[in-house]
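Reader: I have a model open and would like to learn how to read it. Could you walk me through it, one feature at a time?

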Amino acid sequence: MDANIAKLKEWIAGSDNIVFFGGAGVSTESGIPDFRSVDGLYNQQWAYPPETILSHTFFTRCPEEYYRFHREKLVIEGVKPNRAHLRLAELEREGKLRAVVTQNIDGLHQAAGSKNVLELHGSILRAYCSRCGRPYPAERMNHGAGVPKCECGGVIRPDIVLYEEPLDDDIVSRAVSAIRQADVLIVGGTSLNVYPAAGLINYYQGHRLALVNLSATPYDRQADLVIHEKIGEVFGQV
Ligand code: CNA
C-alpha cells in the first residue's frame, strides 16, 4: 500500500472524531460528471456555461432552458454510491465519523447510509414551489417535460442553492462546528474553487488534514497529507 494511504488509514483507525468535506469528485466514480475535470460539465458543449444556467437569474428568466439542462446533465439514471460513499457511511456507523459536509446535490451519501449529511448546496432529490414554498416530489421535476408548475401557478424548483443565492445559515453553522471540532478532517473530490463552501475548511484547527483529490488544489500546501488518487480507490483501502 502507498505510504500516504497507509498514513490515512492509521489516522482513521486512531480517531473517533473524523469529518469529511467533499465535492463532485466523490461521485465521478459513480458516473456523475464533475464540473472541472476534462470530461466535466465545463468542458461539454452547451449554449451557456454551467455557472450561467445554474444561476438564480437564469432560472427565473429561462426556466425552459434551465430544465433542459437539469434533466439532461444533472439527473443521471441508475447511479449508485461508490466505495467512498460506502466507506464513509460505515465509518459513521462505527462511531468514528461525525459528519459528511458535501457540496454535492446527488443524494449519494444518504443512499450509502450516511445519516449526518450537511448538504451545503441542497439536493436535486427535493423540490418546492418558488412562489408559495409548497414541497413537491422531485420525480416530475427530474423526469417530466417542460417547466413543472405548482397549483398556485408558481414554478417548481429544485431545492439546490443556485449561483447568486446564499447558503442555508443553519447548515453552514453545523458544518463550521463539526469542522472546528474535528480531530481528523478528510477533504476529497473537490477543486476547492467554489466559495463560500471551500472556505469552510479554514475552520479546521487540528493537525491531521488529509486532501484526497485527483488534481492539485489551492489548499495542497496547507494539508498535512495529500493524495492525488481516485477517492473511491483510496477509500477502498482505508
Ligand atoms: P469541481 O470543481 O468539478 O472539482 C471536482 C474535483 O474532483 C476536481 O479537482 C477533480 O480533479 C476531482 N476529482 C474528480 N474525480 C475524482 C476522483 N474519482 N477522485 C478524486 N478526485 C476526483 O467540483 P466541486 O465539488 O469542487 O465544485 C463545487 C460544485 C460542483 C458544487 O456546487 C456542486 O454542487 C457541483 N457539482 C455537484 C455534482 C454532484 O452532486 N455529484 C456534480 C457536478 C457538479
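Reader: Let me start with a single residue: is Cys-132 buried, partly exposed or exposed?

Author: First, keep in mind that this is a predicted model. For a call like that you look at the relative accessible area: under 20% is buried, over 50% is exposed, and partly exposed is in between. Cys-132 has 45%, so it counts as partly exposed. You'll find Cys-132 in the loop between strand S4 (122-129) and strand S5 (135-137).

Reader: Where does Cys-132 sit relative to Glu-233?

Author: Here you compare separation along the chain with separation in space. Cys-132 and Glu-233 are 101 residues apart along the chain, and 44 Å separates their C-alpha atoms.

Reader: Okay, now Arg-87: buried or exposed?

Author: Use the cut-off of 20% again. Arg-87 has a relative accessibility of 16%, so it is buried. Arg-87 belongs to helix H5 (residues 83-93), and its side chain makes a polar contact of 2.6 Å with the side chain of Glu-90.

Reader: Zooming out, what does the radius of gyration say about the protein?

Author: The idea is to hold the value against what a compact globule with that many residues would have. For 238 residues that would be near 18 Å, and the protein has 18 Å, so the two agree. Along the principal axes, the C-alpha atoms fill a box of roughly 55 × 35 × 30 Å. The fold contains nine helices and nine strands, and 51% of the 238 residues are buried.

Reader: On to the ligand. Why is it said to lie between two domains?

Author: You check which domains supply the shell. Domain 1 (1-32 + 82-121 + 168-238) and domain 2 (33-75 + 127-160) both contribute residues to the shell around the ligand, so the ligand lies between them.

Reader: Which residues come nearest to the ligand?

Author: There are 28 residues around the ligand, and Phe-35, Arg-36, Asp-106, Thr-190 and Ser-191 come nearest. Sorted by class, the shell has nine nonpolar, 13 polar and six charged residues.

Reader: And what polar atoms of Ala-24, Thr-28 and Thr-190 face ligand atoms?

Author: Look at which atom sits on each side. For Ala-24, a polar backbone atom is 2.8 Å from a ligand oxygen atom. For Thr-28, a polar side-chain atom lies 2.8 Å from a nitrogen atom of the ligand. For Thr-190, a polar side-chain atom is 2.7 Å from an oxygen atom of the ligand. As for cover, the ligand on its own has 860 Å² of accessible area, and the protein covers 95% of that.

Notes: Residues are numbered from 1 along each chain as its sequence is written. This is a predicted model: local features need pLDDT of at least 70, side-chain atom pairs count only at pLDDT 80 or more; totals for chains, interfaces and linings use all residues. Side-chain values use heavy atoms; hydrogens and water are left out. A residue is near a molecule or strand if one of its heavy atoms lies within 4 Å of it. A polar contact is a pair of N or O atoms within 3.5 Å; within protein, one must be able to donate a hydrogen and the other to accept it, and residues adjacent in sequence count only if both atoms are side-chain atoms. Accessible areas come from the Shrake-Rupley method with a 1.4 Å probe; for residues, only the protein chains shown count as cover. Ala, Val, Leu, Ile, Met, Phe, Trp, Tyr, Cys and Pro count as nonpolar, Asp, Glu, Lys and Arg as charged, and the others, Gly among them, as polar. Domain bounds come from an automatic or database domain assignment. Helices (H or I, at least four residues) and strands (E, at least two) are DSSP runs, numbered from the N terminus. The radius of gyration is taken over C-alpha atoms; the globule rule is 2.2 Å times the number of residues to the power 0.38. Buried means under 20% relative accessible area, exposed over 50%, partly exposed in between (1.4 Å probe, protein chains only).
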